[in-house]
Amino acid sequence: SGCLYQVSTMTVNGSLKLTFHPSSILSDATNKEFADAFVGVLEKAANTKVSAIDSIMSNVPGSVLPLIAAGYGIVGLAIHSEAWSEFFYNLSIMKDNVADPKDFWDAFNFWVFFAVGHPILQPILWISDVLHGSPGPMVGDLVPLSFILGNVAFIGLTAFSKQFRGALNIFALSAFLNYVGAGLDGQAGLGDFNLQLNDSYKGQVVKGCPAYDDVKQPSMNDFELNKYQGKWYEMKFHDWTQFKEVYDTTLDIKLTADGKGWIDDFGVKGPSPEAAPLSWDKSPVANGAHYFLFGRVDENDPPGILREKGFGVEFPNYIVDVKKDPATGEYTEAIQFQCLERGGVRVFEGINFMSRKPTMTDDELSAMHHRAAAAGMNPYGAAEEQMHLVGRRDENLPKVDNNWQQMWRAIGVDKLLELLTESIEDGGR
């Protein structure tokens, strides 16, 4: 008849109870027949033989895997306990000193977004390299058969073994907390994941953000913002809003027509060949992607300050130092410094070494470090051991092209990236 039977269920003392709502257009006998048949199906499902996976896992004591996973998490928390304690202490100070709760939550959410983003990326890169490093025949010239079979086995183990599923969830949470703890402790990469609030330098805690005059160098005395526009190549960074797994980073800066705003076209490719040696050229952004940062030029600021806005917060972007071409007067190198402070607590600092050319010699980079040190920026992350060197692929090499790139184009990923880029840029004007 095309009728739908409604049934309500409730578990009482470990037993499933069912209440059927009969169809008014059918006889009581037909309704009862359906209800009995439905109960029979459930009884058969409940009495199905134990699966092979459950049979194997039954040999492992029920609490062993979850305890191992939990133990890993407890050890990680213990190792980074001092860093976690310092973080929550600074967080409480920030909350107490910020008058508007929105300012506190905006800054905290900004921190959380990137604190979560970095550890999520790591298993994605690992799985990608496992995918493209798996042996055996290829399916559709894209995916190794062994990888598909491995996934089927893993999904089956996860679906049918409650013990394994629970241990996996505990391990994932433990790994996440351990990774973030390492970021707070300064052990997960000082260049891109130095997460601590008011972090220390050489054992000394450095609180808050400096004033522009504290870091501004003499090269900025006659600074002209118009000459700062154009394409820059990022050479090094200390910045947890960026990821060390990307490469070929560029910044194309332009002022709005009225001179009161600015747009930064931030170009990246990723992951880099170093971060994912087996899968970097299979990525949908192997040939690049763009996102835009927007800001304003405050007439009350000196010429070397741009106000940058993103992810719910606004903070100053200090242009600390520039190097000029002696013949043309054009800017050839620049050091930028962003700093976000709330309630006397430094939430974020970002430092960028930039050049008009795609490569720099070791001596040229060393000279930039010396200029940053002279500006007093080492306590904020400008020392060599605190910065990440951005990878570069020869610009003269052809674009990456393989079966995976052809697939991305076939399903329109390149067009989607272009559309997103245009919509973001238009929305910021």
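1. Let's start with a charged residue on the inside: Glu245 is buried, at a relative accessible area of 4%. Please keep in mind that this is a predicted model. The side chain of Glu245 meets that of Lys244 in a salt bridge, at 3.4 Å from N to O. Lys244, for its part, is partly exposed, with a relative accessible area of 29%. Asp192 belongs here too, since a network of salt bridges links Asp192, Lys244 and Glu245.

2. In total, the structure holds 19 salt bridges. One of them joins the side chains of Asp248 and Lys269, at 3.3 Å from N to O. Asp248 sits in strand E8 (residues 247-255) and Lys269 in strand E9, so this pair ties together parts that are 21 residues apart in sequence. Asp248 counts as buried, at 10% relative accessibility, while Lys269 is partly exposed, at a relative accessible area of 24%.

3. Have a look at Arg296 and Glu314 as well: their side chains form a salt bridge of 2.9 Å, N to O. Here strand E10 supplies Arg296 and strand E12 (residues 313-324) supplies Glu314, and the two are 18 residues apart, linking distant parts of the chain. Arg296 is partly exposed, with a relative accessible area of 32%; Glu314 counts as partly exposed too, at 30% relative accessibility.

4. Strand E10 (residues 289-296) is also worth following through its pairings. With strand E9 (residues 261-269), E10 pairs in the antiparallel sense over eight bridges. With strand E11 (residues 305-310), E10 runs antiparallel and is joined by three bridges. Phe294 takes part in both pairings: Phe294 is the bridge partner of Ile263, and the bridge partner of Phe294 in E11 is Lys309.

5. Now for the interior. The largest nonpolar core has 42 residues, and those with the most contacts inside it are Tyr228, Phe337 and Met377. Strand E13 (residues 331-342) gives the largest share of this core, five residues. Leaving aside neighbours within four places in sequence, Phe337 is in contact with residues including Pro210, Val215, Tyr318, Ile351, Met377 and Tyr380. A second, separate core has 27 residues, among them Leu184, Ala188, Val345 and Val347.

6. Finally, the surface. Val139, Leu145, Ile148, Leu149 and Val152 make a nonpolar patch of about 400 Å². Helix H6 (residues 145-160) contributes the largest share, four residues. Val139 lies in strand E3 (residues 138-139). Why can Val139 count towards a surface patch? Val139 is partly exposed, with a relative accessible area of 39%, and patches are made of residues with over 30%.

Terms used: Residues numbered from 1 in each chain as written. Predicted model: local features only at pLDDT ≥ 70, side-chain atom pairs only at ≥ 80, totals over all residues. Heavy atoms only, no water. Patch = residues over 30% accessible without salt bridge, like charges linked within 9 Å, V, L, I, M, F, W, Y side chains within 5 Å. Areas by Shrake-Rupley, 256 points an atom, 1.4 Å probe, with all protein chains shown as cover. Salt bridge = Lys/Arg side-chain N within 4 Å of Asp/Glu carboxyl O. Buried < 20%, exposed > 50% of the residue type's maximum accessible area, 1.4 Å probe, protein only. Pairing = 2+ DSSP bridges. Core = buried A, V, L, I, M, F, W, Y, C linked by side-chain atoms within 4.5 Å. Contact = heavy atoms within 4.5 Å.
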